[in-house]
Amino acid sequence: AEYRALVMQYNILLFSILLLYFLRVISPAPIINIMAMLGLDITINPLTNIVNMSVFSAQIVQILTQIVYMGVPTAVILLFGRRLGFSGQLFSKPNPGTTRYSVLILMGTGVVAAIFTRLFVGILQESGVVVLQESEVPPTGFSAFLLFCFSTTLLPAFLEELLFRGAILHSMRRFGDIIAIAVSTILYTLVQPSFDMMVYAFVTG
């Protein structure tokens, strides 16, 4: 029974991980098509499949894409995990005595990761390696700017914590804390859109 439970847990996690990367690739296209059919300011050239949309619509597409490709795998892990008893305690009450130290450690890790990323990417560029970096320019419109802040800071942080450090990390603890941390960190790194963000995510993950 224990072996069957482990195999079932492994299969569910593997399916959720594959679903994560599959949805990350294919989810923007149907979302764009649905929004275009609903009458939003999105035009699709039927001959070239080139999509033209406003900045506001682009932010909506990004938000919905993030919800789909990270939310669906999270729901799968939580749904089957609770039935099979391996999801663990996803949310726990913070300990007031350690919260301040956790915040300081998090801030320090972020600074160290930013410095390390700059140095590592700089060394690669000096060596002649072309490094793709994330460079999003904030929109000028007020509503589009609010959506930009939400889609690039608040929403990804919440969904990533819920999926990688919540559902996946707690589900993998059955195999040991070190394995759980390593797997969640690697998966979190691989989902990043650019190399510099992958380096930063790996150090902080």
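A residue is called buried here when its relative accessible area is under 20%. By that criterion, 32% of the 205 residues in the chain of this predicted model are buried. The chain holds seven helices and two strands, and from one end of the sequence to the other these elements follow the order α-α-β-β-α-α-α-α-α. Of the contacts that link positions with a separation of 6 or more, 68% join residues 24 or more positions apart.

A good place to start a closer look is helix α2, which spans residues 28-37 and has Ile-31, Ile-32 and Met-35 as buried residues. These three cover an arc of only 100° around the axis, and they are therefore on the same side of α2. The general geometry of such elements is helpful here: an α-helix has 3.6 residues a turn, so residues three or four places apart point the same way. Asn-33 also belongs to α2, but with a relative accessibility of 38% this residue counts as partly exposed, because the value falls between the 20% limit for buried and the 50% limit for exposed. Between the C-alpha atoms of Asn-33 and Thr-43, which are ten residues apart along the chain, the separation is 9.2 Å. After α2 comes Gly-39, with a positive phi near 95°.

Helix α5 (residues 142-172) offers two packing arrangements to compare. With helix α1 (residues 2-26), α5 packs at an angle of about 160°, and the two axes are 10 Å apart. Angles over 145 degrees count as roughly antiparallel, so this description applies to α1 and α5. The crossing of α1 with α5 is left-handed. On the α1 side, Gln-9, Leu-13 and Leu-20 take part, and they meet Leu-163, Phe-164, Ser-171 and Met-172 of α5. Sorted by character, the residues of this contact comprise five nonpolar, two polar and no charged.

The other partner is helix α6 (residues 177-190), whose axis comes within 8 Å of that of α5, the two crossing at roughly 150°. This crossing is right-handed. From α5, the contact draws on Glu-160, Phe-164, Arg-165, Ile-168, Leu-169 and Met-172, while α6 supplies Ile-179, Ala-180, Ile-181, Val-183, Ser-184, Leu-187 and Tyr-188. Here the residues divide into ten nonpolar, one polar and two charged. Phe-164 and Met-172 of α5 appear in both contacts, meeting residues of α1 as well as taking part in the contact with α6.

Key
Residues numbered from 1 in each chain as written. Predicted model: local features only at pLDDT ≥ 70, side-chain atom pairs only at ≥ 80, totals over all residues. Heavy atoms only, no water. Buried < 20%, exposed > 50% of the residue type's maximum accessible area, 1.4 Å probe, protein only. Helix = DSSP H or I, 4+ residues; strand = E, 2+ residues; numbered from the N terminus. Arc of directions from axis to C-beta. Axes fitted to C-alpha atoms, helices over the stretch in contact; angles between N-to-C directions. Parallel < 35°, antiparallel > 145°, perpendicular 65-115°, else oblique. Left-handed = near helix turned anticlockwise from the far one by under 90°. Contact = heavy atoms within 4.5 Å. Nonpolar A, V, L, I, M, F, W, Y, C, P; charged D, E, K, R; others polar.
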